Amino acid sequence: MLFRSAAMAEEGSDDPEWVVATQQGLGSLIKRPKLTTPLLMKPPFRFLHDVVSEVMRTCGFAEGLYDENETQSSKIKDKESKLAYLNKISSVVELTLGITLEMRPAKVVAGMEPEKTNQFLQALAQAATSGGDHTAAVQHTLAKLGAGAEPPPAAPPPPPQEIG
């Protein structure tokens with residue numbers, strides 16, 4: 001027989017191990033949003049945004065990572081914005097912990113691979129409480145993404161023509 005955690009035994013549920021692990025890891029850090037099994041089985045972007053925002057608020061993790069528009073989930077509507085949001089936080093988590101996440105933001109936005117999404121959420125909780133240097137991770141992530149996001153420089157002026 002497989003080991004069943006106390007939380008699973010209490011609820012009498014058959015929740016997947018990865019859902020219970022997320023509930024236990026993140027549940028010790030945040031009280032909202034509620035980490036319900038249905039939300040963790042297929043986490044919508046808004047839920048993920050709320051979780052990341054609450055971890056940042058309660059733990060001070062990854063401060064300065066997002067601009068004002070990115071902190072408001074209602075302003076992140078298109079797929080590219082959602083991907084950019086998830087790429088930023090996953091980069092900071094990876095750099096803080098020195099790991100590579102298996103989560104692929106495009107799959108997360110499409111509502112696929114919930115097990116890998118939950119692994120990311122567990123890593124987020126670990127990174128937020130690890131004491132690792134997340135400030136340097138934020139600076140590195142912003143520098144890396146900023147270089148690709150800047151508009152191209154203006155074309156240089158044409159060389160002066162000689163009038164002869």
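**View 1. The largest nonpolar core of the predicted model contains 37 residues**. Within this core, the residues with the most contacts are V51, F61, I89, V93 and L124. Five helices each give two or more residues to the core: α2 (17–27), α4, α5, α7 (114–129) and α8 (134–149).

**View 2. V93, one of the residues with the most contacts inside the core, is shown with its neighbours**. Leaving aside residues up to four places away in sequence, V93 touches F61, L101, F120, A123, L124 and A127. Among these neighbours, F61 and L124 are likewise listed with the most contacts inside the core.

**View 3. Helices α4 and α5 pack against each other at an angle of about 35°**. Helix α4 spans residues 45–59 and helix α5 spans residues 79–97, and their axes lie 12 Å apart. The crossing of the two helices is left-handed.

**View 4. The contact of α4 with α5 is formed by residues from both helices**. On the α4 side, F45, H49, V52 and S53 take part, and they meet K82, Y85, L86 and I89 of α5. By type, five of the contact residues are nonpolar, two are polar and one is charged. I89 also appears among the residues with the most contacts inside the largest nonpolar core.

**View 5. H134 in helix α8 is a buried residue**. The relative accessibility of H134 is 19%, and because buried means under 20%, H134 is counted as buried. Apart from residues up to four places away in sequence, H134 touches G60, F61, A62, E63, V92 and T96. One of these, F61, is also touched by V93.

Technical notes: Residues are numbered from 1 along each chain as its sequence is written. This is a predicted model: local features need pLDDT of at least 70, side-chain atom pairs count only at pLDDT 80 or more; totals for chains, interfaces and linings use all residues. Side-chain values use heavy atoms; hydrogens and water are left out. Axes are lines fitted to C-alpha atoms, for helices over the stretch in contact, and angles run from 0 to 180 degrees between N-to-C directions. Helices (H or I, at least four residues) and strands (E, at least two) are DSSP runs, numbered from the N terminus. A crossing is left-handed if the near helix is turned anticlockwise from the far one by less than a right angle, and right-handed if clockwise. Contact means heavy atoms within 4.5 Å. Ala, Val, Leu, Ile, Met, Phe, Trp, Tyr, Cys and Pro count as nonpolar, Asp, Glu, Lys and Arg as charged, and the others, Gly among them, as polar. A nonpolar core is a set of buried Ala, Val, Leu, Ile, Met, Phe, Trp, Tyr and Cys residues joined through side-chain atoms within 4.5 Å. Buried means under 20% relative accessible area, exposed over 50%, partly exposed in between (1.4 Å probe, protein chains only).
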